[in-house]
Each structure stands twice: as structure tokens, then as C-alpha cells.
Amino acid sequence: MKQFFFFIVFIFFNSCQYFEKKVPSEKELLQKELKSINWKEVDEYPTVSDCETITDKKERQKCFFDVMSQLIQQKLDVDSLSILYPDLDTIQVKVTIFPNSKMKFEPQFQKDSVAYDTIRIDSILHARLVDFPKVNPAIKRGLPVKTQFILPVIIKEKNKK
């Protein structure tokens with residue numbers, strides 16, 4: 001009976017290790033959380049005051065892109081792009097919105113584009129695309145983040161006087 005008692009005590013002390021749970025380290029938890037985040041999408045898209053009343057995510061995104069396209073087209077309407085380049089009908093503009101609500105515009109040209117003076121078009125865009133209304137940046141997990149997107153900007157042909 002004494003041997004049985006020692007055997008039970010021995011098993012009791014050795015069995016405690018089976019009940020211990022391994023606590024994951026902070027690094028493991030962080031890596032797991034970072035892998036679960038979809039970095040390609042934001043929780044809320046950037047927005048302007050005209051679109052803030054819309055609650056549907058897709059409709060709000062569409063409203064924002066429509067407003068931005070209209071504003072860019074209006075600012076470029078007063079310029080001579082259509083006169084300088086009559087066969088240029090659309091420019092792809094890469095818009096970057098930073099977390100502090102600043103915006104940057106970059107025209108996107110094809111790699112082999114030699115038909116247009118890309119430097120001149122770039123300087124015209126930078127000169128005209130200023131003084132935009134305040135844009136609220138995109139939100140990811142409660143924090144403002146940098147977003148980039150490409151907008152097609154249609155250059156309207158002006159009538160020659």
C-alpha cells in the first residue's frame with residue numbers, strides 16, 4: 001500500500017505538466033494578427049464633405065471618385081491641354097491621399113509614350129491641381145492611412161475661337 005501511495009504522489013506531481021497551457025509570446029500574437037489583416041482594403045474610403053451623408057460603403061466610394069473626377073476635370077478645363085494635345089482625350093492620374101489629408105497627383109503615362117511631352121503635361125497638372133476641398137483620409141482599423149488610386153480624367157475638347 002505504501003508503494004501505491006508513492007506511485008500516486010509521483011503521478012500527481014508529474015501530471016501537473018499536462019495541465020499547463022503554453023502562453024504565446026507577444027511576437028507570435030503580433031505576427032498572427034498581421035497575417036489576418038487584409039492590407040489591400042480599407043475600412044472606410046477617403047471622403048469629401050459632399051459624400052459624408054452616404055452610409056453605404058460602395059455608394060460612398062463611388063461618390064468620392066465621381067466628385068474627385070469632376071473637380072480634376074473642372075480644374076483642367078481652364079487650361080490649354082486640349083489645344084496643345086488635341087488627340088489626347090484621357091489622362092490617367094494617380095491620386096495619393098496621405099493620412100494628414102494632403103494630396104499628390106501624378107499623371108500615369110505608358111512606358112513607351114513619346115507622343116506627348118510628359119514633363120510639360122506633368123507641370124500643367126501640378127500647377128492646376130491645387131486648392132482642393134478638404135479630403136478626409138481613408139481609415140483602417142480606426143487610424144487614418146495613405147491611399148492611392150488611379151482616376152481616368154477626360155480632357156474635353158475646346159472649340160477654337
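What pattern does the chain follow, read along the sequence? Here are some notes on this predicted model, beginning with that point.

1. **Overall layout.** Read from start to end, the chain runs α-α-β-α-α-β-β-α-β-β-β-β. That comes to five helices and seven strands. The chain has 161 residues, and 27% of them count as buried. Its accessible surface is about 12,300 Å², with 56% of that belonging to carbon and sulfur atoms.

2. **Contacts along the sequence.** Take the contacts in the chain with a separation of 6 or more: residues 24 or more positions apart account for 73% of them. The points on Lys40, Phe65 and Gln73 below give you specific places to look.

3. **Helix 1 and a surface patch.** You may like to start at the N terminus, with a nonpolar patch on the surface formed by Met1, Phe4, Phe7, Ile8, Phe10 and Ile11. Together these residues have about 700 Å² of accessible area. Phe7, one of the patch residues, is found in helix 1, which covers residues 2-19. Phe7 counts as partly exposed because its relative accessibility is 48%, a value between the 20% and 50% cut-offs.

4. **Lys40 and Thr147.** Lys40 sits in the loop between helix 2 (26-36) and strand 1 (47-48). With 80% relative accessibility, Lys40 counts as exposed. The C-alpha atoms of Lys40 and Thr147 are separated by 9.8 Å, although their positions lie 107 residues apart along the chain.

5. **Aromatic pairs.** Four aromatic pairs turn up in a search of the whole structure. For Phe65 and Phe149, the ring centres are 4.9 Å apart and the planes stand at 65°, so this pair is edge-to-face. The pair links distant parts of the chain, with Phe65 in helix 3 and Phe149 in strand 7 (residues 147-154), 84 residues apart. Phe65 counts as partly exposed at 22% relative accessibility, whereas Phe149 counts as buried at 12%. Ring pairs also bring in Phe64, making a cluster of Phe64, Phe65 and Phe149.

6. **Gln73 in helix 3.** Is Gln73 buried or exposed? Gln73 is buried, because its relative accessible area is 18% and the cut-off for buried is under 20%. This residue belongs to helix 3 (residues 57-77). Leaving aside residues up to four places away in sequence, Gln73 touches Val153 and Ile154.

7. **The two sides of helix 5.** Helix 5 spans residues 118-128, and Ile121, Ile124 and Leu125 are buried in it. Viewed down the helix axis, the buried residues of helix 5 fall within an arc of 100°, so they line one face of the helix. On the other side of helix 5, Ile119 and Ala127 are exposed. Both of these are worth displaying alongside the buried set.

8. **Positive phi values.** Two loop residues deserve a look here. Ser101 has phi near 75°, a positive value in a residue other than glycine, and is found in the loop between strand 2 (90-97) and strand 3 (103-108). Asp131 has phi near 55°, again positive in a residue other than glycine. The place of Asp131 is the loop between helix 5 and strand 4 (135-136), and Asp131 counts as exposed at 72% relative accessibility.

Conventions: Residues numbered from 1 in each chain as written. Predicted model: local features only at pLDDT ≥ 70, side-chain atom pairs only at ≥ 80, totals over all residues. Heavy atoms only, no water. Patch = residues over 30% accessible without salt bridge, like charges linked within 9 Å, V, L, I, M, F, W, Y side chains within 5 Å. Areas by Shrake-Rupley, 256 points an atom, 1.4 Å probe, with all protein chains shown as cover. Salt bridge = Lys/Arg side-chain N within 4 Å of Asp/Glu carboxyl O. Helix = DSSP H or I, 4+ residues; strand = E, 2+ residues; numbered from the N terminus. Buried < 20%, exposed > 50% of the residue type's maximum accessible area, 1.4 Å probe, protein only. Arc of directions from axis to C-beta. Contact = heavy atoms within 4.5 Å. Phe/Tyr/Trp six-rings, centres within 6.5 Å; stacked < 30°, edge-to-face > 60°.
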